[in-house]
Amino acid sequence: MNLHEYQAKEIFARYGIAVPQGALATSPEQARAAAKILGGDRFVVKAQVHAGARGKAGGVKLVEGVDAVETAAKAMLGTRLVTKQTGAEGLPVNSVWVEKPSNIARELYVSALVDRTSERIVLMASAEGGMDIEEVAEKTPEKIMSVHVHPAAGLQPYQARQLGFFMGLDKDQTAQFTQALLGLYRIVDELDASQVEVNPLIVTAEGKIMALDAKLNFDSNALYRQKSIAEMRDTSQEDAREVEATRFDLNYVTLEGNIGCMVNGAGLAMATMDIVKLHGGQPANFLDVGGGTTAEKVTEAFKLITRSDDVKAIFINIFGGIVRCDLIAEGIIQACKQTGLKLPVVARLQGTNMEKGREMLESSGLKITPVSDLTEAAKTVVTLANQGA
């Protein structure tokens, strides 16, 4: 789960990380009022969306005077901001963050995330802040330094100082940086954050360390014990189908192809998408209906898949271990009838009562093609999708 910049900065401030003074606004009038309260002549107006590269897309404006703040907010609010991270549809701008500008001397980069390979939290820092860290990693990897934190010991001040000296900070700045980094680590440790990123972390002309931007991502599996974080979720920034899927305990991710996939088990779902790609097809989604699949879940899964006009065929690949294949077949038939499905469906059912399940599908009178072999099923659904396209 992601947070907006203003939400992340509120958390940063609670953990002793310095951030610029700012205020949230959901209307041009509120933005003007916020600027008056902040005081001064110059302001930064930032569109609040769950995506980076906002500045290059017109989502960050440096303006002079409260009138310009109101104008900038009016131009952003109610629109959809398109960046290289959002895709062509963009994300809705429902609020803006009005901030006092900072006197920037240097821009740095720092992040903390869970490294599953080493089973450690890793902190990364670079003096090349304010730009794409992926580009830095590709072209000049020597400009990035990482430290791994032992879970029993936690982040040690000497590790933070190593990163500070690596970036060329002086003694006082390194002390400030150490406190900020300890705060970032506590956020990961105490709030179950899976990634914290500050780009840029700035050094002001006065020598102060401050988080000019803030990105926070949380482990969705841990939200049950992070109630206050869960309440900060903004579903308007998420795919509507993915939000709907969570209501029915379905794992759904939208992709760009034309073959809807419905599978039970994450590993089998990945393998299913791989074999579709292998035979020239493009999956339209990742959809894991789980081990305890029911007829109701199958119906909701069909509804999610068919919301996309891009889907030209549906591939069902179910292994009936916990649930019986005849019950799955019954759910597929009910779902096709309830949704008025007209798309071709290729169904591969393996496991308990699979013969009975296939017989039910064959005699249903619907556009369902039962196939027992996985390779043949994948080739069949790709052919049907191409014909539909």
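Buried means under 20% relative accessible area. Keep that cut-off handy for the exercises below, and remember that you're working with a predicted model.

**Exercise 1: the aromatic pair**

Task: Find out how the rings of Tyr6 and Trp97 are arranged, and where the two residues sit.

Solution:
- Step 1. Start by counting: the structure has one aromatic pair.
- Step 2. Look at the geometry. The ring centres of Tyr6 and Trp97 are 6.3 Å apart and the planes meet at 20 degrees, so this pair is stacked. The cut-off you need here is that planes under 30 degrees apart count as stacked.
- Step 3. Place the partners on the chain. Tyr6 belongs to helix H1 (residues 5-14) and Trp97 to strand S6 (residues 96-99). They are 91 residues apart, so the pair links distant parts of the chain.
- Step 4. Is each partner buried or exposed? Tyr6 has a relative accessible area of 15%, so Tyr6 is buried. Trp97 comes out at 8%, so Trp97 counts as buried too.

**Exercise 2: Gln48 and its surroundings**

Task: Work out where Gln48 sits and what its side chain pairs up with.

Solution:
- Step 1. Find the spot: Gln48 is in the loop between strand S2 (42-47) and strand S3 (60-64).
- Step 2. Check the accessibility. With just 1% relative accessibility, Gln48 is buried.
- Step 3. See who is around. Setting aside residues up to four places away in sequence, Gln48 touches a list of residues including Tyr6 and Trp97, the two you met in the aromatic pair. His4, Glu5 and Gln237 are among the others.
- Step 4. Now the polar contacts. The side chain of Gln48 reaches the side chain of Glu5 at 3.2 Å. A polar atom of the Gln48 side chain also lies 3.4 Å from the backbone oxygen of Lys46.
- Step 5. Finish with a distance: Gln48 and Val60 are twelve residues apart in sequence, and their C-alpha atoms are 9.5 Å apart in space.

**Exercise 3: Gln7 and the backbone**

Task: Say which backbone atoms lie close to polar atoms of the Gln7 side chain.

Solution:
- Step 1. Gln7 is in helix H1, and a relative accessible area of 6% makes Gln7 buried.
- Step 2. The backbone nitrogen of His4 is 2.8 Å from a polar atom of the Gln7 side chain.
- Step 3. On top of that, the backbone oxygen of Met232 is 3.0 Å from a polar atom of that side chain.

**Exercise 4: a pocket and a neighbour of its lining**

Task: Describe the second largest pocket, then follow Asp192 to Gln226.

Solution:
- Step 1. The second largest pocket holds about 150 Å³ of space.
- Step 2. Its lining includes Val114, Arg116, Asp192 and Ala222. Helix H6 (171-191) and strand S10 (193-204) are the elements that give two or more residues to this lining.
- Step 3. What kinds of residues line the pocket? They split into five nonpolar, one polar and four charged.
- Step 4. Pick Asp192 from the lining. Its side chain makes a polar contact of 2.9 Å with the side chain of Gln226.
- Step 5. Gln226 sits in the loop between strand S12 (215-218) and helix H7 (227-230). At 9% relative accessible area, Gln226 is buried. Beyond four places in sequence, Gln226 touches Glu190, Leu191 and Asp192.

Technical notes:
Residues numbered from 1 in each chain as written. Predicted model: local features only at pLDDT ≥ 70, side-chain atom pairs only at ≥ 80, totals over all residues. Heavy atoms only, no water. Helix = DSSP H or I, 4+ residues; strand = E, 2+ residues; numbered from the N terminus. Buried < 20%, exposed > 50% of the residue type's maximum accessible area, 1.4 Å probe, protein only. Polar contact = N/O pair within 3.5 Å; in protein donor to acceptor, adjacent residues only side chain to side chain. Contact = heavy atoms within 4.5 Å. Phe/Tyr/Trp six-rings, centres within 6.5 Å; stacked < 30°, edge-to-face > 60°. 1 Å grid on protein atoms, 1.4 Å probe; cavity = no way out; pocket = protein on both sides within 12 Å on 5 of 7 lines; lining within 4 Å. Points joined across faces, edges and corners; volume = space filled by probe spheres on them. Nonpolar A, V, L, I, M, F, W, Y, C, P; charged D, E, K, R; others polar.
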